[in-house]
Amino acid sequence: MPNVHHSQKTDLRNLTRDELTAFVVARGLPSFRAKQIFPWLYRPGITDFSEMTDLSKDLRNTLTEEAFFSRLLPAAKETSSDGTVKYGFLLEDGKVIETVLIPEDGRHTLCVSSQVGCAMDCSFCLTGTMGFSRNLSCAEMVNQVFTVADDLHKNEQGAINNLVFMGMGEPLANFNNLVKALTILTDELGFDFPDRKITVSTCGLVPQILELGQLFKVNLAISLHAADNETRTRLMPINARYPLESLLEACRQYALSRRKRIMFEYILLQGINDSDQDALRLAKLLHGIPAKINLLPCNETPELPYKKPDQKRIDSFQEILKRKGYTVLVRSSRGADISAACGQLAAKSST
Ligand code: SAH
């Protein structure tokens with residue numbers, strides 16, 4: 001098991017630059033030391049304080065005594081016939097999470113997990129069926145990015161261009177750790193990802209959507225999946241707490257603050273939300289919101305009762321939205337052969 005012997009020490013990958021500054025100041029060191037240490041933590045190939053060559057020996061000794069930086073161990077790595085790569089990572093407590101790397105046109109998108117399992121219980125999603133186990137720490141989220149970036153770097157395969165929080169879990173239900181992770185990922189001395197290259201996807205936690213909009217200009221994706229409250233509540237229990245009216249009002253506010261379009265994800269489930277009426281209702285619902293619509297023909301799995309509509313139905317649904325003036329894409333599913341596609345992430349715990 002990784003890192004257990006460090007348990008008394010502080011994991012520096014759990015600290016934003018401000019928190020690292022507080023950490024060094026609390027140890028009687030000048031605050032600028034944090035600015036020296038922080039970039040080292042996210043440099044590829046660095047595994048030990050002794051490699052941080054511009055730090056004094058004293059400082060390195062102090063750090064070795066009181067701190068460490070955690071790493072994620074790849075427990076499995078599978079490559080799909082379409083090039084999608086699924087990493088399985090073993091956590092300190094024996095749990096396993098999955099992270100998916102999606103290469104497209106020479107660029108890389110990384111799909112990051114935010115929780116072990118998920119408590120949202122959406123009826124079409126396999127992650128939901130495994131139940132909720134725990135939140136990921138900030139370090140566990142940042143380390144998914146670091147480890148995959150390091151792997152790409154070692155194999156001279158380039159860099160990660162986009163991050164999407166669309167893996168296992170509901171990122172906005174792990175809000176504080178998510179905010180810390182985003183702070184590190186966007187810090188110019190950390191990973192230096194621009195906000196516009198990061199997308200946070202949510203099933204619709206309204207207060208956290210609004211709060212996120214105050215803190216970052218990251219892209220927002222909404223897992224919508226139905227255009228009326230009755231159907232949506234049936235598919236997604238969270239809708240009973242935050243019904244469509246309040247969700248779309250939050251989207252309006254979010255869009256206003258960053259003048260960019262919101263991405264609406266809509267799974268097409270045969271006979272449930274895929275009629276022409278549903279498409280018209282969706283068009284009406286999103287009226288006035290700067291929107292991009294992604295239609296996801298349901299990824300079928302033997303554990304769940306849903307089917308994907310036939311191509312004619314999918315085309316008709318898309319056509320109606322297009323005629324109403326929306327940008328609407330039908331997203332082809334990636335990585336289905338290795339269970340890496342949307343809604344298929346459900347790692348079994350190793351303990
Ligand atoms: N909890 C967040 C992040 C997960 S994103 C959210 O709900 O947005 C994972 C995406 O895969 C979501 O849009 C989810 O609705 C979608 N998904 C889940 N099950 C699916 C399935 N069977 N087929 C296609 N997409 C699915």
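F146 and F191 are both tucked away: each is buried in this predicted model. Seven is the tally worth keeping in mind here, since the structure has 7 aromatic pairs. In one of them, F146 and F191 meet edge-to-face, with ring centres 6.5 Å apart and 80° between the planes. The contact ties together distant parts of the chain, as F146 belongs to helix α5 (residues 138-154) while F191 sits in the loop between α6 (175-186) and β10 (198-202), 45 residues apart. These two rings also have company, joining F38, Y42 and F193 in one aromatic cluster.

Another aromatic pair brings Y266 and F317 together, this time tilted, at 5.2 Å centre to centre and 35° between the planes. Here too, distant parts of the chain are linked: Y266 comes from strand β12 (residues 262-268) and F317 from helix α12 (residues 311-323), 51 residues apart. Y266 counts as buried because its relative accessible area is 1%. F317 is buried as well, with a value of 0%.

Turning to charged side chains, the whole structure holds 12 salt bridges. One of them joins E140 and R134, with 3.0 Å from N to O. E140 is buried, at 11% relative accessible area, whereas R134 is partly exposed, at 21%. Why is R134 not called buried? Its relative accessibility is 21%, and buried means under 20%, so R134 counts as partly exposed. E140 and R134 are also part of a salt-bridge network that takes in D93.

Helices host some of these bridges. In helix α11 (residues 276-285), D278 and R281 lie 3 residues apart, about one turn of the helix, and their side chains form a salt bridge at 3.2 Å, N to O. D278 is buried, with a relative accessibility of 8%, while R281 is partly exposed at 36%. Helix α10 (residues 244-258) offers R252 and E249, again 3 residues apart and separated by about one helical turn. The closest N and O atoms of their salt bridge are 3.9 Å apart. Both ends of this bridge are partly exposed, R252 at 32% relative accessibility and E249 at 37% relative accessible area.

Finally, the surface. R196, K260, R261, K292 and R331 make up a positive patch there. Among them, R331 is located in the segment after β14 (327-330). R331 is partly exposed, with a relative accessible area of 36%. Membership of a patch calls for over 30% relative accessible area, so R331 clears that cut-off with its 36%.

Technical notes
Residues numbered from 1 in each chain as written. Predicted model: local features only at pLDDT ≥ 70, side-chain atom pairs only at ≥ 80, totals over all residues. Heavy atoms only, no water. Patch = residues over 30% accessible without salt bridge, like charges linked within 9 Å, V, L, I, M, F, W, Y side chains within 5 Å. Areas by Shrake-Rupley, 256 points an atom, 1.4 Å probe, with all protein chains shown as cover. Salt bridge = Lys/Arg side-chain N within 4 Å of Asp/Glu carboxyl O. Lys, Arg positive; Asp, Glu negative; His and termini not counted. Charge placed at Lys NZ, Arg CZ, Asp CG, Glu CD. Helix = DSSP H or I, 4+ residues; strand = E, 2+ residues; numbered from the N terminus. Buried < 20%, exposed > 50% of the residue type's maximum accessible area, 1.4 Å probe, protein only. Phe/Tyr/Trp six-rings, centres within 6.5 Å; stacked < 30°, edge-to-face > 60°.
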